[in-house]
2 protein chains.
Amino acid sequence: MAKKSLPKPTEAELAILQVLWENGPSSVRFIHEQLSQEKEVGYTTTLKIMQIMAEKGLLQRNTDQRTHIYYPALEKEDTQKQLIHDFVASAFKGSAMQLVMQALGNHKASDKELQEIKALIEKMEKKDH
Amino acid sequence: MAKKSLPKPTEAELAILQVLWENGPSSVRFIHEQLSQEKEVGYTTTLKIMQIMAEKGLLQRNTDQRTHIYYPALEKEDTQKQLIHDFVASAFKGSAMQLVMQALGNHKASDKELQEIKALIEKMEKKDH
DNA sequence: ATTTGTCTACGAAAATGTTCGTAAATAAAT
DNA sequence: ATTTATTTACGAACATTTTCGTAGACAAAT
């Protein structure tokens with residue numbers, strides 16, 4: 001059967017996903033502590049958003065213990081891929097390459113990063129033949 | 001004096017900016033016709049959003065004629081730059097290079113596009129020395 | 001001149017996202 | 001055992017964004 005497509009995460013939801021991506025499955029308490037370092041926010045606000053995310057299917061959770069443990073339903077890369085797609089559509093008229101050029105141009109990249117990108121390009125060129 | 005920083009455009013606002021970027025200064029009627037091709041929406045909805053954008057400073061307008069002509073207050077590239085910055089922060093933990101790698105990897109690029117990127121990288125490498 | 005159409009302005013409803021207070025259950029501390 | 005702290009659930013207030021109806025000004029068509 002077809003994979004059910006999940007809604008695009010909102011800003012607040014994305015902030016939570018980032019913490020989960022970095023730290024793995026976590027409790028609301030932990031996520032909230034991390035988010036609090038960036039911005040003051042009530043505990044129940046974090047809780048509520050995570051509950052909504054679980055409802056939407058963005059997060060899964062283990063409720064065996066009183067303290068529920070949440071984790072993303074999708075791989076980080078899959079979510080990022082979808083986000084890039086939407087972003088490119090809404091701000092770059094669908095041209096991912098235009099985005100790449102802009103992002104590359106406006107950002108100071110280290111030699112190592114540039115080498116990585118070159119390597120990726122080489123690989124893509126080879127695949128074409 | 002310092003350049004007043006404009007708010008980040010919303011989704012609906014971005015759709016309007018894209019039409020303006022492509023077609024230059026336009027009337028509400030024209031923008032609305034373009035947007036209608038993508039999605040059904042009332043004329044006054046488009047009008048209202050453009051008026052709000054003018055209030056916010058995102059758009060300028062010429063009101064000499066009864067039919068006002070709107071145009072973006074900022075260059076396309078400036079707005080895109082800001083959008084990339086926010087996007088990278090919210091979805092890529094601030095790493096523009098991660099975004100570039102993902103966008104590059106997930107997208108089929110033409111030889112010509114790859115050449116352009118390579119050229120840009122060359123230029124960036126030279127600048128470092 | 002009168003009607004018909006097009007435009008802006010305004011305001012408010014509807015939809016979406018965010019915030020948090022309160023209550024109930026459970027666990028931990030005294 | 002009683003108090004204190006932690007956690008989930010729920011609901012509602014608040015904020016932001018999107019939507020559009022209505023009215024008034026002006027222009028075009030008849």
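How many salt bridges does the rule count over all chains? The count comes to seven. Keep that in mind while you click around; we'll get to two of them. One caution before you start: what you have open is a predicted model.

**Stop 1: chain A by itself**

Hide everything but chain A and colour by secondary structure. You should find six helices and three strands. Walk from the N terminus and the elements come up in the order α-β-α-α-β-β-α-α-α. Now zoom out and look at the overall outline. Along the principal axes, the C-alpha atoms of chain A fill a box of roughly 55 × 40 × 25 Å. The radius of gyration of chain A is 18 Å, whereas a compact globule of 129 residues would come out near 14 Å.

**Stop 2: bring chain B back**

Show chain B and select the contacts between the two protein chains. On each side you'll pick up 45 residues: 45 of chain B touching 45 of chain A. Between them the two chains bury about 4,300 Å², and 65% of that is on carbon and sulfur atoms.

Next, turn on polar interactions. Across this interface there are 14 residue pairs in polar contact, both partners having pLDDT 80 or more. Which elements of chain B each supply at least two residues to the side that touches chain A? They are α1, α4 (76–91), α5 (96–106) and α6 (111–127). Highlight α6(B) in particular, as this helix gives the most to that side of chain B, with twelve residues. Colour that side by residue class and you get 21 nonpolar, ten polar and 14 charged residues.

**Stop 3: salt bridges between the chains**

Stay at the interface of chain B and chain A, where the rule finds five salt bridges. Start with B:Glu11 and A:Lys8, whose side chains meet in a salt bridge at 3.9 Å, N to O. This pair joins two chains, because B:Glu11 sits in helix α1 of chain B while A:Lys8 belongs to the segment before α1 of chain A.

Then jump to A:Lys93. Its salt-bridge partner is B:Glu22, with the closest N and O atoms 3.7 Å apart. Don't leave this lysine yet; check its backbone too. Most residues other than glycine have a negative phi. A:Lys93, though not a glycine, has a positive phi of about 45°. You'll find A:Lys93 in the loop between α4 (76–91) and α5 (96–106) of chain A. Now select B:Lys93: here phi is near 45°, again positive in a residue other than glycine. B:Lys93 is in the loop between α4 and α5 of chain B.

**Stop 4: DNA strand C**

Switch the DNA on and select the protein around strand C. The selection should hold 22 residues, and the closest of them are A:Thr10, A:Lys39, A:Gly42, B:Arg29 and B:Arg66. Three of these names are worth a distance label to the phosphates:

- A:Thr10 has a polar side-chain atom 2.7 Å from a phosphate oxygen of strand C.
- A:Lys39 places a polar side-chain atom 2.8 Å from a phosphate oxygen of strand C.
- A:Gly42 uses a backbone N or O atom, 2.8 Å from a phosphate oxygen of strand C.

Elements giving two or more residues to this surface are α1 (11–23) and α3 of chain A, along with α2 (28–38) and α3 of chain B. The largest share, five residues, comes from α3(B). By class, the surface near strand C divides into six nonpolar, eight polar and eight charged residues. On the DNA side, 56% of the strand C atoms within 4 Å of the protein belong to sugar or phosphate, and the rest to bases.

**Stop 5: DNA strand D**

Repeat the selection for strand D. Which of the 23 residues around strand D come nearest? Label A:Arg29, A:Arg66, B:Thr10, B:Lys39 and B:Gly42. Now for the phosphates:

- B:Lys39 has a side-chain N or O atom 2.6 Å from a phosphate oxygen of strand D.
- B:Gly42 brings a backbone N or O atom to 2.8 Å from a phosphate oxygen of strand D.
- A:Tyr43 has a polar side-chain atom 2.9 Å from a phosphate oxygen of strand D.

Here the elements with two or more residues are α2 (28–38) and α3 (43–56) of chain A, plus α1 (11–23) and α3 (43–56) of chain B. Colour the surface near strand D by class and you'll see seven nonpolar, eight polar and eight charged residues. Of the strand D atoms within 4 Å of the protein, 59% belong to sugar or phosphate, with bases making up the rest.

Definitions and conventions. Residues are numbered from 1 along each chain as its sequence is written. Chains are lettered from A and ligands numbered from 1 in the order in which they are written. This is a predicted model: local features need pLDDT of at least 70, side-chain atom pairs count only at pLDDT 80 or more; totals for chains, interfaces and linings use all residues. Side-chain values use heavy atoms; hydrogens and water are left out. A residue is near a molecule or strand if one of its heavy atoms lies within 4 Å of it. A polar contact is a pair of N or O atoms within 3.5 Å; within protein, one must be able to donate a hydrogen and the other to accept it, and residues adjacent in sequence count only if both atoms are side-chain atoms. Helices (H or I, at least four residues) and strands (E, at least two) are DSSP runs, numbered from the N terminus. Ala, Val, Leu, Ile, Met, Phe, Trp, Tyr, Cys and Pro count as nonpolar, Asp, Glu, Lys and Arg as charged, and the others, Gly among them, as polar. Contact means heavy atoms within 4.5 Å. Buried area is the accessible area (1.4 Å probe) that two parts lose on being put together, summed over both. A salt bridge is a side-chain nitrogen of Lys or Arg within 4 Å of a carboxyl oxygen of Asp or Glu. The radius of gyration is taken over C-alpha atoms; the globule rule is 2.2 Å times the number of residues to the power 0.38.
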